[in-house]
Amino acid sequence: MDTSVGEFAIQVNDLVVGFGRRVVINHLALDVRCGEILGLVGASGGGKSVLMRTIIGLIPRRGGEIEVMGAKIGSTHDRGTQTVAGKWGILFQQGALFSSLTARQNIQFPLRENLVLSDALLDEIATAKLEMVGLTPEDGDKFPSELSGGMTKRVALARALALDPAIVFLDEPTSGLDPIAAGDFDALIKTLQKTLGLTVFMVTHDLASLNTICDRVAALADGKIVAIGPMRELLQSEHPWVRAYFHGKRSLMLQPKAS
Ligand SMILES: Nc1ncnc2c1ncn2[C@@H]1O[C@H](COP(=O)(O)OP(=O)(O)OP(=O)(O)O)[C@@H](O)[C@H]1O
C-alpha cells in the first residue's frame with residue numbers, strides 16, 4: 001500500500017450531481033478507508049452507479065470535491081484523473097466484456113491500452129490474472145458467449161485487476177449469479193482484498209455479500225449517505241429507509257433467529 005496516501009483511499013465532500021432539473025446526489029460526503037471492503041446500498045434509481053461513475057470522473061459534478069489515493073479528481077480528460085486512473089479497476093454491471101475478444105484478450109485490453117509489453121509478457125500476465133480469479137489458461141481461449149455468468153464475472157474481475165490497481169469498483173458483482181456462485185465470488189473478493197491489500201468499493205443489493213464480506217456498509221438515500229458503519233450498526237439505524245431496507249420482508253436472513 002502507498003504510505004503517502006494516508007488513511008483514506010477515497011474522500012468525497014459536499015458532492016452534487018444532477019441531470020437537467022433532477023438532482024441525484026445532493027451534498028453527499030463519504031470516506032472509504034484504505035484496504036476495506038465498503039458496500040454501498042440504496043434504492044433502485046437512487047444514484048449508486050451515478051456516485052461510482054462520478055468518483056472515477058465519468059460523470060461531471062455540479063459541486064464538491066473528490067480525492068482518490070490523495071489525488072483530486074476532475075473530468076476524465078483532466079490530467080490528475082488520468083494519473084490516478086491507473087490505480088483503479090472497474091467491474092461494470094453484467095461484466096461488459098468485448099464479445100469479439102477472447103477472455104485472455106479482454107484481460108489484456110487495459111494492458112495494451114496503457115503499457116507497451118511483449119506478446120509473451122502479455123500472455124504471462126493474463127494467465128496469472130486468470131489463475132488469480134480461479135480460472136484455467138484454457139478458459140482464457142473462450143469467447144464471452146462460451147462463458148457462464150460466474151465465469152464472465154471472474155474474467156471481468158481479472159480485467160479489472162490487470163493493471164494491479166489499489167482500488168476496485170464493483171457494480172453489483174453478484175447480480176444474476178445463483179447463491180452458490182455468488183458465495184464463491186464473495187469469497188474470491190475477500191481473498192483478493194486480503195492478499196493484495198485491495199480497497200473495494202462495491203455497489204450491491206446482495207444482503208449476503210453485505211453481511212459476510214463488507215467491513216462497512218454505506219446507505220444512500222435522498223442523495224446522501226444517511227448511515228455508514230459495520231453491518232451490525234446499520235441494522236440498528238433509526239433512519240426510515242435503512243430500517244425498511246434491512247428489516248423488510250426480503251431481509252429475514254439478517255434477523256437474529258428465535259431459538
Ligand atoms: N447519463 C444520465 N443522464 C440522465 N440521467 C441519468 C444518467 N445516468 C443516470 N441517470 C439517472 O440518475 C438516477 C440514478 O441512476 P443510477 O443508475 O445511479 O441508480 P442506481 O442507484 O445505480 O440504480 P439500480 O440499483 O437500479 O442500478 C436515475 O434516475 C437515472 O435515470
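1. Two strands are treated as paired if DSSP finds at least two bridges between them. With that in mind, in this predicted model the residue I167 has T199 of β8 as its bridge partner. The two strands concerned are β7 (residues 167-171) and β8 (residues 199-203), which run parallel to each other and are joined over five bridges.

2. That pair belongs to an open sheet of six strands, whose order is β6-β7-β8-β3-β9-β10 and whose pairing is mixed. At its edges lie β6 (88-91) and β10 (224-229), each of which pairs on one side only. Direction ignored, neighbouring strands of this sheet are turned by 15° against each other on average. Helix α1 (residues 48-55) packs on the sheet, where the helix touches β3 (37-42), β7, β8 and β9 (216-221), and the direction of α1 makes about 145° with that of β8.

3. A second open sheet has four strands in the order β2-β1-β4-β5, and here the pairing is antiparallel. Its edge strands, each pairing on one side only, are β2 (22-33) and β5 (71-72). As a general reminder when comparing the two descriptions, the strands of a sheet pair through backbone hydrogen bonds, in either the parallel or the antiparallel sense.

4. Within the four-stranded sheet, β1 (residues 8-19) and β2 are joined in the antiparallel sense over nine bridges. Two positions can be checked directly in the structure: I10 has V32 in β2 as its bridge partner, and F8 stands opposite R33 in β2. The two strands form a hairpin with two residues between them, and G20, which sits in the turn, has a positive phi of about 60°.

5. Strand β1 also pairs with β4, again in the antiparallel sense, over five bridges; in this pairing, V16 has G63 of β4 as its bridge partner. Helix α1 lies across β1, β2 and β4 (63-68), running at about 120° to β1. Taken with its packing on the six-stranded sheet, this gives α1 a place against strands of both sheets.

6. Which residues are around the ligand? They are F19, V24, G42, S44, G45, G46, G47, K48, S49 and V50. By character, this shell divides into three nonpolar residues, six polar residues and one charged residue. Helix α1 gives the most to the shell, with three residues.

7. Is A181 buried, partly exposed or exposed? The residue is placed in helix α6 (residues 179-196), and 17 other C-beta atoms lie within 10 Å of its own. Since a residue counts as buried at 20 or more such atoms and as exposed at 12 or fewer, A181 is therefore partly exposed. From N13, A181 is 168 residues away in sequence and 36 Å away in space, C-alpha to C-alpha.

8. For the chain as a whole, the secondary structure comes to nine helices and ten strands. Buried residues make up 37% of the 259 residues in the chain. Among the contacts with a separation of 6 or more, 65% are accounted for by residues 24 or more positions apart.

Definitions and conventions:
Residues numbered from 1 in each chain as written. Predicted model: local features only at pLDDT ≥ 70, side-chain atom pairs only at ≥ 80, totals over all residues. Axes fitted to C-alpha atoms, helices over the stretch in contact; angles between N-to-C directions. Contact = placed C-beta atoms within 7 Å. Near = placed C-beta within 6 Å. Nonpolar A, V, L, I, M, F, W, Y, C, P; charged D, E, K, R; others polar.
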